[in-house]
Amino acid sequence: MSQFISVQVGQCGNQIGSVFWPLALHEYGIQTTNTGINLLKTQQNHIKNINDLSNAFDSFFVIPDNSPKDLCFKSMSDLRKAKVKARAILIDMEDSVIGEIRRGPVRDLFDQTCVVTNYPGSANNWAVGYYTHGTEYYDKLEDNIRRMAEKCSRLHGFLTMHSLGGGTGSGLGTAVLKLLADNYPTVDRLVSCVYPIVMQDVVTAPYNVLLATRELIDYATCVFPIENEALVDICNAQLRKKENIDQINYNISCKPFQDMNSIIANILLHLTSGSRFPGNLNMDMNEIATNLVPYPKLHYILSSVSPVTLSAPTICNIQGRKLIDEIFINAWSRNNQSIKLDPLQTGSMILSAAHIARGNCSVNDLKRNIEKFRKKVTFAKWGTEAMKIGLCSVPPAGHSTSLLCLLNSSSMISLFENIIKQFTRLYKRKAHVYHYTQVCGFEETHFTDCKEIILNLITQYTKLQNQNEINVSRLQIL
């Protein structure tokens, strides 16, 4: 099975990671808390071969060579005894969130040599994160990533998690992305990044978002953008549902953003499922970029998962059986999109799409619903068959069936236009610019260069959206 390395950068990236790893363990039937739920037994109810879990365990976890091959992991104590470690790099320039992870229930999963922290942070400044900390910690980051990569026999991809509003996530996060592109050019770099809402609490966020977006355009294999506003709406809608009423009592005392981060973690787990578990029509990770990115740099992908599940500790109690058709309809719904865009809006064009089903879903179910989808959307004239399907036999923990919908749509223009709008509003006054120009390595022209690159990307999307089919007359034999 393929192996993945998680790179968690900044407060947001590590908060996502703090939810991602318990959810990953739950998929393998391993309990992280004393909830009284037998996760392994729950998984056995939904999969045909329980060995599929143990065979795929090393996709996310390093098992020491001296561990017994028939060792069965059921709890955190079993992992601790076997000295199992997560394939993860934890990075933050202030250690509050990483400190909580070190005290949390999955603290023993992380190799302390793969943790990079500092104080007091990157001052909400992309230039500080990218140039100052990116240069100062380059050798250490490179060494940590190299040692983690050497523990992989079939390294398939890097999963990077960070936000773009602050300094560490946007600056150091994209510096690490460039490092990965330089040192591991043939390994996929899948970025799950959180874009701030319009009324962000970081004044310099428009600068950070613009500068970081340029790096994502240049160095990522695929970008799966997330918006906090969209996640908040999804969580509120889920908590209002009767079948999720048991979660409300839990969420009163849960940490902020845990439910929001659970949605992101579920998308990442679903994204990698075809590379970790068997299936009749498995979709490997390298097929995502091949099938969903028709032109260089047009690799921003909209994502939605159905059914939506919230906090990891209650995941096995909250989901009853859903009709297959309803799962597809919910995945297409704008209300389930991880970004506040409507990929099916009038005038937009689908460049490519993918539907990845997990669990109890047949090929006929996929075909029937995909035909419905084709009637709802407008595909590019040159790509009317640009649809990739995947079918993994192992569902997420606590479910019998689930679906991930991925769309490469020209509606992404709205995201880039908003980035330019927010940046221009702040930059026309040259407000806070001196904080960036005083950082060694940063030039003010970098702002205009990044703006130009994003505008060029908008132009590419617009041309594709407005492109008509070309009729070529038959050749005449003279």
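**Salt bridges and the setting of strand 7**

The side chains of E371 and R374 meet in a salt bridge, with an N to O separation of 3.8 Å, in what is a predicted model. Both E371 and R374 belong to helix 15, where they stand three residues apart, about one turn of the helix. E371 is partly exposed, its relative accessible area being 43%, and R374 is likewise partly exposed, at 23%. Elsewhere, D143, R146, R147 and E150 are joined into one network by salt bridges that share partners.

Helix 15 (residues 363–376) also contributes R368 to a pairing with another helix. R368 forms a salt bridge with D325 at 2.8 Å, N to O. Because D325 lies in helix 14 and R368 in helix 15, this pair ties together parts that are 43 residues apart in sequence. D325 has a relative accessible area of 24% and is partly exposed; R368 is partly exposed as well, with a value of 36%.

A further salt bridge links K340 to D233, the closest N and O atoms lying 2.7 Å apart. K340 is located in the loop between helix 14 (324–332) and strand 10 (350–359), whereas D233 is part of helix 10 (residues 228–239), so the contact ties together parts separated by 107 residues in sequence. Both partners are partly exposed: the relative accessible area is 38% for K340 and 33% for D233. In total, the count of salt bridges comes to 19.

Strand 7 (residues 188–195) presents a mostly covered element, with eight of its eight residues buried. D188, L190, S192 and V194 point one way from the strand, while R189, V191, C193 and Y195 point the other way, and all of these residues are buried.

Strand 7 pairs with strand 6 and with strand 8. Strand 6 (residues 155–163) runs parallel to strand 7 and is joined to it by seven bridges; within this pairing, S163 stands opposite V194 of strand 7. The pairing of strand 7 with strand 8 (residues 222–227) is also in the parallel sense and extends over six bridges. Here V191 is found opposite V223 of strand 8. V191 and V194 thus appear in the two pairings described, and they point in opposite ways from strand 7. A right-handed β-α-β unit is made by strand 6, helix 8 (residues 168–183) and strand 7.

Methods. Residues numbered from 1 in each chain as written. Predicted model: local features only at pLDDT ≥ 70, side-chain atom pairs only at ≥ 80, totals over all residues. Heavy atoms only, no water. Buried < 20%, exposed > 50% of the residue type's maximum accessible area, 1.4 Å probe, protein only. Helix = DSSP H or I, 4+ residues; strand = E, 2+ residues; numbered from the N terminus. Pairing = 2+ DSSP bridges. Right-handed = clockwise from strand over helix to strand, strands pointing away. Salt bridge = Lys/Arg side-chain N within 4 Å of Asp/Glu carboxyl O.
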